[in-house]
Amino acid sequence: MELRRFGTSDLFVSPLGFGAGHIGAEQMTDREAVYLLERARDLGINLIDTARGYGLSEQRVGQFLKNRRHDVILSTKVGYDVPGAQDWTFEAVHGGIDQALQTIQTDYLDIVHLHSCSQEILAQGDVIEALEQAKQAGKVRVIAYSGDREDLTYAIETNRFDSFQTSFNLFDQRVDQVLPTLSNHGVIAKRPIGNAPWRFTERPVGQYVEPYWERAQQLAYPLEESSWLETALRFTVFEPGITTAIIGTSRPEHLALNQQLIERGPLPADRVAQLKERFAECDATFGYPSQT
C-alpha cells in the first residue's frame with residue numbers, strides 16, 4: 001500500500017487506517033484483537049487510531065506493539081476521564097497522555113488529538129498548551145484536533161495544531177471547503193463510509209447511523225460501482241487533501257476487502273463531480289449529528 005506524507009511531519013501513513021474502536025469491546029478476546037491488528041499490518045495498514053474512551057483498545061494496541069512499535073503510526077485521543085482531574089483541563093490532557101504512554105507501553109505517541117472538545121474549551125488555551133508541552137518533551141510527535149463544523153473551524157484558526165481528524169464521506173462533504181487551506185497539515189477522515197447506511201432497508205431508529213440514512217434517502221445517488229462500500233471508500237480515500245481514512249471492523253475479511261477496493265484507485269472525475277453536485281443540491285436541508 002502506498003504511503004502518504006502526514007502534513008509536514010516526517011511521518012508517512014497508509015491511505016487506509018485502522019479505527020481501533022471495535023477492539024475495545026469486552027466481547028472480543030485479547031487474542032482476537034491482536035490478530036486483527038496483525039492482519040491490518042500485514043495488509044500494509046500502518047496507522048492505528050485509538051482513544052482513551054474506546055474501552056480496552058489502548059491496552060490491546062499496547063500488546064500488539066510490543067515487538068513492532070516502529071512499524072506503526074499510533075494515533076490516540078485525550079482530554080477526559082483522568083482520575084483526580086476535571087475533564088477538558090490542562091491536567092486532564094497532561095494526565096491522559098501519560099496514562100496512554102503507560103497503557104500502550106510506549107515511550108512516545110505519534111499523533112494525539114483533543115477528542116472533539118468545543119471551541120469554548122479550545123479558547124481557554126490550557127488544553128492546547130498541554131499538548132504543546134508534551135510535544136516539546138518528546139512524548140508526542142504531532143498534536144491534533146478531532147472534531148467537526150464550527151469547532152473544527154476554530155481549531156484551524158488557532159494555527160496551533162499539526163493535524164486534524166474530521167468527518168468526510170458521501171453523506172457529509174462540507175469539510176471539502178476547508179481542505180485546500182490544510183495543505184501543510186495531516187488530515188484524517190473519520191466515518192469514511194458514513195456508518196454504511198445502505199445496510200438498512202428501513203430507518204434505523206435511534207442508531208448512530210440514522211442521520212446518514214436519512215440523507216442517503218434524500219440524496220438518492222445512482223450506484224455505478226460494484227457496491228456502495230466501493231463508492232464510499234474510493235470517494236473518501238482519494239479526495240484531495242485527505243491524507244488517510246480510518247475505518248474500523250471486527251472481521252479480518254473486511255480489512256482485506258477494503259484494501260482491494262482502494263487498490264482500484266480514484267473514482268472517475270465525472271463520477272466524483274456527480275456525487276459532489278448532488279450533495280451540494282441537498283446540503284442546505286441537512287441537519288448535522290452531534291460530533292464524537
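D10 is exposed in this predicted model, its relative accessible area being 57%. The side chain of D10 nevertheless takes part in a salt bridge with R141, in which the closest N and O atoms are 3.0 Å apart. The partner, R141, counts as partly exposed, with a relative accessibility of 33%.

The pair of D10 and R141 joins distant parts of the chain: D10 sits in the loop between β1 (4-5) and β2 (12-13), whereas R141 belongs to strand β7 (residues 140-146), and 131 residues separate the two. Both residues also belong to a network of salt bridges that links D10, R69, D110 and R141. Across the model, the count of salt bridges comes to 22.

Side chains of opposite charge can pair when their charged atoms come close. Three of the pairs are set out below.

| Salt bridge | N to O distance | Accessibility of the acidic residue | Accessibility of the arginine |
|---|---|---|---|
| D10 and R141 | 3.0 Å | D10, 57%, exposed | R141, 33%, partly exposed |
| D30 and R60 | 2.7 Å | D30, 32%, partly exposed | R60, 3%, buried |
| E253 and R251 | 2.7 Å | E253, 42%, partly exposed | R251, 42%, partly exposed |

The bridge between R60 and D30 connects two helices, since R60 lies in helix α2 (residues 57-65) and D30 in helix α1 (residues 30-42), with their positions 30 residues apart in the chain. Here R60 is buried because its relative accessible area, 3%, falls under the 20% cut-off, while D30 is partly exposed at 32%. In the pair formed by E253 and R251, E253 is partly exposed with a relative accessible area of 42%, and R251 likewise counts as partly exposed at 42%.

Burial can also be followed along a whole element, helix α8 (residues 228-237). Nine of its 10 residues are buried, so helix α8 is largely enclosed by the rest of the structure. The buried residues include the charged side chains E230 and R234, alongside L229, T231, A232, L233, F235, T236 and V237. The cover over these buried residues includes the strands β1, β3 (16-19), β9 (186-190) and β10 (244-247), together with the helices α9 (252-262) and α10 (269-282).

As for annotation, an unreviewed UniProt entry lists residues 15-277 under "domain: NADP-dependent oxidoreductase". In the model, this span is 39% helix and 16% strand, and the C-alpha atoms at its two ends lie 25 Å apart.

Key:
Residues are numbered from 1 along each chain as its sequence is written. This is a predicted model: local features need pLDDT of at least 70, side-chain atom pairs count only at pLDDT 80 or more; totals for chains, interfaces and linings use all residues. Side-chain values use heavy atoms; hydrogens and water are left out. UniProt positions are given in the numbering used here, feature names are shortened, and annotations may be inferred rather than shown by experiment. Helices (H or I, at least four residues) and strands (E, at least two) are DSSP runs, numbered from the N terminus. A salt bridge is a side-chain nitrogen of Lys or Arg within 4 Å of a carboxyl oxygen of Asp or Glu. Buried means under 20% relative accessible area, exposed over 50%, partly exposed in between (1.4 Å probe, protein chains only). Contact means heavy atoms within 4.5 Å.
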